[in-house]
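Trainee: I should like to learn how to read a protein model feature by feature. May we begin with how two strands are matched residue by residue?

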Amino acid sequence: MILGVGNILYSDDGFGIKVVEELEKKYVFPDHITIVDGGVLGINLLGVISHARKLIVVDTILNKGNPGDLHRIEGNEIPNRILGKNSMHQMDLLEALTLCRLMGNVPDTVILGVEPENIETLNPQLTHLIAAQVEPMVQLVLQELRNLKVMPKPAN
């Protein structure tokens, strides 16, 4: 499952959603790959993510880097990194993953993110700097899929 999360109303916070929209526009995925626009649903995604074996989350990440920096977080790094993020949807995502663990089905998870420039301004557009990182992030998602020996086909 490829899960984009974020709030498209707050500029760069919509990055994860823009990336999954781009993936859906450019590629046709095999039936066993699910693309999900998770918005800010967080804990409400429990039913969806609990069925995934591999989960690729795309979002903004405050990681003390420079705006536009791309990050990859996996394994034991996830709880510590997410807890440091000032974002309700990230906290809800961590809670959903924790509940998956309690249910005995936590997906192998990697979080791919961008360091945002602006997540506070009410604006449905990404900043220019972060918009320029959508395609590089699409390529990072495709690399994760290649590592799993799965590749989508280009859309017509």
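Mentor: Let us begin with one matched pair. Val5 has Gly39 as its bridge partner in strand 3. Please keep in mind that this is a predicted model.

Trainee: Which residue of strand 3 is the bridge partner of Ile2?

Mentor: The partner of Ile2 is Ile35. Strand 1 (residues 2-5) and strand 3 run parallel and are joined by 4 bridges.

Trainee: What is the order of the strands in the sheet?

Mentor: One reads a sheet by listing its strands from edge to edge. Here an open sheet of 5 strands has the order 3-1-4-6-5, and its pairing is mixed. Strand 3 (35-39) and strand 5 are at the edges with a single partner strand each, so one side of each has no neighbour in the sheet. On average, neighbouring strands of this sheet are turned by 20° against each other, direction ignored.

Trainee: How many residues of strand 3 are buried?

Mentor: Pairing within a sheet and burial are separate questions. In strand 3, 4 of the 5 residues are buried, so the strand is largely enclosed by the rest of the structure.

Trainee: And strand 5: in which sense does it pair with strand 6?

Mentor: Strand 5 and strand 6 (residues 108-114) pair in the antiparallel sense, over 5 bridges. Within that pair, Arg72 stands opposite Leu112 of strand 6.

Trainee: Which side chains of strand 5 point to the buried face?

Mentor: Here one follows the side chains along the strand. In strand 5 (residues 70-74) they alternate: His71 and Ile73 point to one face and are buried. Leu70, Arg72 and Glu74 point to the other face and are not buried.

Trainee: Let us turn to the helices. Which strands does helix 1 lie across?

Mentor: For a helix on a sheet, one asks which strands lie beneath and at what angle the helix runs. Helix 1 lies across strand 1, strand 3, strand 4 (54-60) and strand 6, and runs at about 140° to strand 1. Helix 6 also packs on the sheet, where it touches strand 1, strand 4, strand 5 and strand 6. The direction of helix 6 makes about 165° with that of strand 6.

Trainee: At what angle do helix 1 and helix 6 pack?

Mentor: Helix 1 (residues 15-26) and helix 6 (residues 134-147) pack at about 70°, and their axes are 9 Å apart. An angle from 65 to 115 degrees counts as roughly perpendicular; the two helices are therefore roughly perpendicular to each other. The crossing of helix 1 past helix 6 is right-handed.

Trainee: Which residues make that contact?

Mentor: Helix 1 contributes Phe15, Lys18, Val19, Glu22, Leu23 and Lys26, and helix 6 contributes Val134, Glu135, Met137, Val138, Val141 and Leu142. By class, this contact has 8 nonpolar, no polar and 4 charged residues.

Trainee: Where does Gln133 lie, and is this residue buried or exposed?

Mentor: Gln133 lies in the loop between helix 5 (128-131) and helix 6. Its relative accessibility is 18%, so Gln133 counts as buried. Setting aside residues up to four places away in sequence, Gln133 touches Phe15, Gly68, Leu70 and Val114.

Trainee: How should I read the backbone angle phi?

Mentor: Most residues other than glycine have a negative phi. Ser11 has a positive phi of about 45° although it is not a glycine. Lys64, likewise not a glycine, has a positive phi of about 60°.

Trainee: Where are Ser11 and Lys64 placed, and how exposed or buried are they?

Mentor: Ser11 lies in the loop between strand 1 and helix 1, and at 3% relative accessibility Ser11 counts as buried. Lys64 is in the loop between strand 4 and strand 5; with a relative accessible area of 87%, Lys64 is exposed.

Trainee: What is Ile119 in contact with, beyond its neighbours within four places in sequence?

Mentor: Ile119, in the loop between strand 6 and helix 5, is in contact with Tyr10, Asp12, Asp13 and Leu62. Ile119 and Gly14 are 105 residues apart in sequence, yet 8.5 Å apart in space, C-alpha to C-alpha. At 23% relative accessibility, Ile119 counts as partly exposed.

Trainee: How many helices and strands does the whole protein have?

Mentor: The protein has 6 helices and 7 strands. Buried residues make up 48% of its 156 residues.

Methods:
Residues are numbered from 1 along each chain as its sequence is written. This is a predicted model: local features need pLDDT of at least 70, side-chain atom pairs count only at pLDDT 80 or more; totals for chains, interfaces and linings use all residues. Side-chain values use heavy atoms; hydrogens and water are left out. Axes are lines fitted to C-alpha atoms, for helices over the stretch in contact, and angles run from 0 to 180 degrees between N-to-C directions. Angles under 35 degrees count as roughly parallel, over 145 as roughly antiparallel, 65 to 115 as roughly perpendicular and the rest as oblique. A crossing is left-handed if the near helix is turned anticlockwise from the far one by less than a right angle, and right-handed if clockwise. Contact means heavy atoms within 4.5 Å. Ala, Val, Leu, Ile, Met, Phe, Trp, Tyr, Cys and Pro count as nonpolar, Asp, Glu, Lys and Arg as charged, and the others, Gly among them, as polar. Buried means under 20% relative accessible area, exposed over 50%, partly exposed in between (1.4 Å probe, protein chains only). Two strands pair if DSSP finds at least two bridges between them.
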